[in-house]
Amino acid sequence: LNAINCSTGEMLTGEQVTAERKEKVLAALTTAASALRLKLGESRSSLEVHDRPLDQMTTSSLEALQASTFGADALLKGDLPSAISFYRRAVNLDPGFAAAYSNLAIAYAFVGQMTLAAENIGKAYDLRARTSERDKFYIMTAYHQLVTGDIETELQIAEQWAKIYPRDAPASAYLSLGR
């Protein structure tokens, strides 16, 4: 794992680990991420609170994680059909992968498939306990936008999200849409 300065492209620091076998890759990534976060200055007390194994916050399937990563890359490039295909593969590989369902929902919303968007964010909402705190905010906000239509609750969640993660652009985007 490498931490890169977004402005300059310069590598700030990195961490490298080796997994004994394929089934141990996610555990090795968790170890590397924790070490990298310490190198970047995150406090040990923050790590104690927020550091959970990757397979508990995302998926225990390396293949599902890879498919979701490819989906994110496609989404960033504006290739929505490919993003949808990759996210569908991720949730087929791991039906408990909440973050993949939420990203699939957003991709469906971008192409105007609102029924599928609502269906998938509903699945993510049901599985949100298996995500990071940041992802919970994302899922709950999108759920209230796409499923319940409760704008007041959506904005309350986005406000909490923005307070805890003030540099998180999606929180600000939800707030700006609701006002």
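The largest nonpolar core in this predicted model holds 39 residues. Six of them have the most contacts inside the core: Phe97, Leu104, Ile121, Ile139, Trp161 and Tyr174. Several helices build this core. At least two residues each come from H4 (62-76), H5 (80-93), H6 (98-110), H7 (114-126), H8 (133-148), H9 (151-164) and H10 (169-178). Helix H6 gives the most, with nine residues. In soluble globular proteins, nonpolar side chains tend to be buried together.

Take Tyr174 as a way in. Leaving out residues up to four places away in sequence, Tyr174 touches Ile106, Thr141, Ala142, Gln145, Glu154, Leu155, Ala158 and Trp161. Trp161, one of these partners, is also among the core residues with the most contacts.

Now step back to the whole chain. Its elements are two strands and ten helices. The strands come first in the sequence, and the helices follow. The radius of gyration is 17 Å, close to the 16 Å that the globule rule gives for 179 residues, so the chain is as compact as a globular protein of that length. Along the principal axes, the C-alpha atoms fill a box of roughly 45 × 35 × 30 Å.

How much of the chain is buried? The share is 39% of the 179 residues. Contacts also link distant parts of the sequence. Among contacts with a separation of 6 or more, 45% join residues 24 or more positions apart.

The surface comes last. About 10400 Å² is exposed, and carbon and sulfur atoms supply 53% of that area. The chain carries 18 positive and 21 negative charges, and the mean positions of the two sets lie 2 Å apart.

How values were computed: Residues numbered from 1 in each chain as written. Predicted model: local features only at pLDDT ≥ 70, side-chain atom pairs only at ≥ 80, totals over all residues. Heavy atoms only, no water. Helix = DSSP H or I, 4+ residues; strand = E, 2+ residues; numbered from the N terminus. Rg over C-alpha atoms; globule rule 2.2 N^0.38 Å. Buried < 20%, exposed > 50% of the residue type's maximum accessible area, 1.4 Å probe, protein only. Contact = heavy atoms within 4.5 Å. Areas by Shrake-Rupley, 256 points an atom, 1.4 Å probe, with all protein chains shown as cover. Lys, Arg positive; Asp, Glu negative; His and termini not counted. Charge placed at Lys NZ, Arg CZ, Asp CG, Glu CD. Core = buried A, V, L, I, M, F, W, Y, C linked by side-chain atoms within 4.5 Å.
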